[in-house]
Amino acid sequence: TSTTVSGAVVTYVASFPAGTATGAVTEAAILNASSGGTMLCRTVFSVVNKGAQDSMTVTWTVTVS
C-alpha cells in the first residue's frame, strides 16, 4: 500500500481489505514484483485466520546500516 523512507529506515505497509486475501495466513514477505520478483525479507508465524469480513494491515520496518 505504501513505502516511507526516513534516513536509514524504510517502512512498508500492505493493506488487505475485507473480501481480499481470505484464509489462513502464515507468512509475510517483501518482494519487488507481484510474480517472479526478488525477495528482500520473509517471516513465518503462527496462523492468523483472515475471514471474508476481516481487514488486515501488515507493517514492516527495515533499518539499513
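Start by selecting Val10 and Val62: Val10 stands opposite Val62, which belongs to E5. The model on screen is a predicted one.

**The sheet**

Widen the selection from that pair to the two strands around it. E2 and E5 pair in the antiparallel sense, over 8 bridges. Now add E1, for the open sheet is formed by 3 strands, and their order is E1-E2-E5. The pairing in this sheet is antiparallel. Colour residues 2-6 and 56-63 to mark the edge strands, E1 and E5 respectively; each of them pairs on one side only. Looking across the strands, the twist from one to the next averages 15 degrees. As background to the ladder of contacts in view, the strands of a sheet pair through backbone hydrogen bonds, and they do so in either a parallel or an antiparallel way.

**The hairpin**

Hide E5 and keep E1 with E2, residues 9-16. These two pair over 5 bridges, again in the antiparallel sense. Two pairs are worth labelling. Ser2 stands opposite Val13 of E2, and Ser6 has Val9, also in E2, as its bridge partner. Next, select the turn. E1 and E2 form a hairpin with 2 residues between them. Which residue in the turn has a positive phi? It is Gly7, with a phi of about 65 degrees.

**The largest pocket**

Bring back the whole model and display the surface. The largest pocket has a volume of about 430 Å³. To find it, centre the view on Ala14, Phe16, Ala28, Ala29 and Val58, which lie nearest the centre of the pocket among the 20 residues lining it. Then colour by strand. At least two lining residues come from each of E1, E2, E3 (23-31), E4 (39-50) and E5. Which strand gives the largest share of the lining? That strand is E3, with 6 residues. Recolour by residue class, and the lining divides into 15 nonpolar residues, 3 polar ones and 2 charged ones.

**The salt bridge**

Select Glu27 and Arg42 and show their side chains. They meet in a salt bridge, with an N to O distance of 2.7 Å. The structure holds 1 salt bridge. Glu27 lies in strand E3 and Arg42 in strand E4, so the pair ties together parts that are 15 residues apart in sequence. Stay on Glu27 and check its surface: the relative accessibility of Glu27 is 42%, so this residue counts as partly exposed.

**Two stops on E4**

From Glu27, move to Ser46, which is found in strand E4. The C-alpha atoms of Ser46 and Glu27 are separated by 8.3 Å, and the two residues are 19 apart along the chain. Is Ser46 buried or exposed? Its relative accessibility is 64%, so Ser46 counts as exposed.

The last stop is Val44, which also lies in E4. At a relative accessibility of 54%, Val44 counts as exposed, because the cut-off for that class is over 50%. To finish, draw a distance from the C-alpha atom of Val44 to that of Ala33: these atoms are separated by 20 Å, while the residues are 11 apart along the chain.

Key
Residues numbered from 1 in each chain as written. Predicted model: local features only at pLDDT ≥ 70, side-chain atom pairs only at ≥ 80, totals over all residues. Heavy atoms only, no water. Pairing = 2+ DSSP bridges. Helix = DSSP H or I, 4+ residues; strand = E, 2+ residues; numbered from the N terminus. Axes fitted to C-alpha atoms, helices over the stretch in contact; angles between N-to-C directions. 1 Å grid on protein atoms, 1.4 Å probe; cavity = no way out; pocket = protein on both sides within 12 Å on 5 of 7 lines; lining within 4 Å. Points joined across faces, edges and corners; volume = space filled by probe spheres on them. Nonpolar A, V, L, I, M, F, W, Y, C, P; charged D, E, K, R; others polar. Salt bridge = Lys/Arg side-chain N within 4 Å of Asp/Glu carboxyl O. Buried < 20%, exposed > 50% of the residue type's maximum accessible area, 1.4 Å probe, protein only.
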